[in-house]
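Welcome to this structure! Here is a friendly note to read alongside the sequence and the 3D view.

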Amino acid sequence: MRLGWFTLLLFMTSLTQAAALQVEGVRLWAAPDSTRVVFDVSGPVEHRLFSLQGPDRLVIDLNGASADRDFASSPTRGGLVRNLRSGTRNKDDLRLVLDLAGPVRPKSFVLKPNAQYGHRLVVDLYAADGASGTAAPTRVTPKSEPTGLRDLVIAIDAGHGGEDPGALGRHGTREKDVVLNIARRLAKLIEKEPGMRPALIRDGDYYVGLRKRIDTARQHGADLFISIHADAFREQRVQGSSVFVLSRGGASSEMARWLAARENAADLVGGVSLVDKDELLAEVLLDLAQTATLGTSSAVASNVLQEMKRLGKVHKKDVQHAGFMVLKSPDIPSILVETAFISNPDEEKRLRSGTHQEQVAQAILNGVRRYYQYNPPPGTRLAVAAKEGRRHVVQRGDTLSHIAHRYGVSMRALRNSNKLNGDRLLIGKVLTIPSTDG
């Protein structure tokens with residue numbers, strides 16, 4: 001009988017030990033202004049954290065937990081983290097210590113399991129000097145020529161990143177990796193484009209908050225925001241690219257948000273502060289700014305979609321409208337490009353190809369170039385170049401009257417500059433656009 005009780009006691013003890021919370025792994029992502037550390041745990045976790053100095057370190061205590069692996073073999077260095085140590089506290093608890101490169105402002109939260117990960121404890125570290133971007137941002141002045149002209153700034157946003165891999169292909173291709181490659185290729189192409197300058201929102205495997213992506217574009221003085229993604233659907237046969245702009249419903253909700261906090265909205269209507277304006281006037285000013293932004297967004301998106309059609313199948317033949325957060329900037333024209341369905345095996349294979357990634361980047365640039373060739377913002381080098389030597393390549397569907405109207409010249413001046421005897425145009429012919437009707 002005693003042996004039976006002893007056996008039962010051993011069995012219950014083993015169950016208790018098996019049920020103890022386990023830290024199963026750790027992942028780290030270092031962004032330019034913050035570092036995220038994610039601990040994979042076997043169940044819901046209770047924790048406490050506090051900072052110590054001399055040297056700087058962050059202590060994380062996990063109740064009733066233990067580590068079932070050696071963290072020395074894990075990627076536990078980078079960004080603000082120099083090292084990770086662990087040890088037992090009060091016999092039953094686990095103490096994790098992050099050795100830091102300097103003082104930080106920590107933020108922690110827990111996440112429940114999803115389709116990819118189990119329970120997680122997330123610790124975000126921000127440099128204590130305000131480098132996390134929560135302080136008033138410093139606006140980056142676009143590069144200018146001695147004449148005072150500036151480059152057109154294109155903000156390129158690779159979706160997802162870090163802990164958020166985005167959609168997954170059947171063969172393990174991660175959306176965050178593919179779109180970052182395309183974004184980098186697009187940036188290199190824009191660097192070679194006269195009168196343009198790229199600004200990558202993320203240039204590594206780390207996550208950037210959705211509103212922070214917009215704020216970063218604004219800090220760079222962006223004229224256009226392009227968010228790059230790769231779609232997914234439960235049916236593998238669905239395929240094709242799409243281009244999105246903000247829906248009217250999304251624009252309305254965002255206007256309400258800015259009106260509620262208009263002391264922060266001084267830059268959204270050409271530098272005009274909304275603080276001292278009554279509700280109706282503030283709403284009218286913001287609506288005008290949003291309307292102009294949405295108009296430009298739709299026009300750019302239409303040009304990019306036409307280029308994507310040349311590259312391959314599109315999922316929808318027209319520009320789509322949605323309330324994506326990254327499209328909600330009232331002052332920066334914004335488009336979102338779903339490059340393909342990563343859930344489609346054929347498109348996944350193409351997305352993995354460097355050649356195809358380059359073609360996608362080139363198609364996006366071609367669409368952007370075509371729009372700004374005809375609509376360069378005042379004060380940019382593109383505006384001067386367009387005025388001094390404008391050219392138009394005849395596309396299918398072009399007419400002489402349409403081209404003349406687009407450039408603000410008469411049909412007579414257009415005929416004279418190009419020695420045209422009639423209105424018949426050949427596709428591919430390059431027309432010289434006169435600067436005046438003289």
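The points below deal with a sheet, the helices across it, and some salt bridges.

1. Please keep in mind from the start that this is a predicted model.

2. A good place to begin is the open sheet, where six strands are arranged in the order E11-E10-E12-E15-E13-E14 with mixed pairing. At its edges are strand E11 (196-200) and strand E14 (320-322), each of which pairs on one side only. From one strand to the next, the twist averages 30°.

3. Now look at one pairing inside this sheet. Strand E10 (residues 152-158) runs parallel to strand E12 (residues 224-231), and five bridges join the two. If you would like a pair to find in the viewer, take Ile156, whose bridge partner in E12 is Ile226.

4. Which helices lie across E10, E11, E12 and E15? One is helix H2 (residues 175-191), which runs at about 145° to E12. Another is helix H7 (residues 354-374), running at about 150° to E12. Strand E15, which both helices lie across, covers 334-341.

5. Turning to charged side chains, the structure has 25 salt bridges. One of them joins Arg48 and Asp61, with an N to O distance of 3.4 Å. Arg48 belongs to strand E3 (residues 47-52) and Asp61 to strand E4 (residues 57-62), so this contact ties together parts that are 13 residues apart in sequence.

6. Are the two partners of that bridge buried or exposed? Arg48 has 44% relative accessibility and therefore counts as partly exposed, whereas Asp61, at 2%, counts as buried. The pair also belongs to a network of salt bridges that links Arg48, Asp61, Arg89, Asp93 and Arg95.

7. Another bridge to visit is the one between Arg218 and Asp331, whose closest N and O atoms are 2.8 Å apart. Here distant parts of the chain are linked: Arg218 sits in helix H3 (residues 210-219) and Asp331 in the loop between E14 and E15, 113 residues apart. Arg218 is buried, because its relative accessible area of 11% is under the 20% limit. Asp331 has 23% and is partly exposed.

8. Finally, have a look at Arg174 and Asp177, which form a salt bridge with 2.8 Å between the closest N and O atoms. Arg174 is partly exposed, at a relative accessible area of 34%, and Asp177 is partly exposed as well, at 28%.

Technical notes
Residues are numbered from 1 along each chain as its sequence is written. This is a predicted model: local features need pLDDT of at least 70, side-chain atom pairs count only at pLDDT 80 or more; totals for chains, interfaces and linings use all residues. Side-chain values use heavy atoms; hydrogens and water are left out. Two strands pair if DSSP finds at least two bridges between them. Helices (H or I, at least four residues) and strands (E, at least two) are DSSP runs, numbered from the N terminus. Axes are lines fitted to C-alpha atoms, for helices over the stretch in contact, and angles run from 0 to 180 degrees between N-to-C directions. Contact means heavy atoms within 4.5 Å. A salt bridge is a side-chain nitrogen of Lys or Arg within 4 Å of a carboxyl oxygen of Asp or Glu. Buried means under 20% relative accessible area, exposed over 50%, partly exposed in between (1.4 Å probe, protein chains only).
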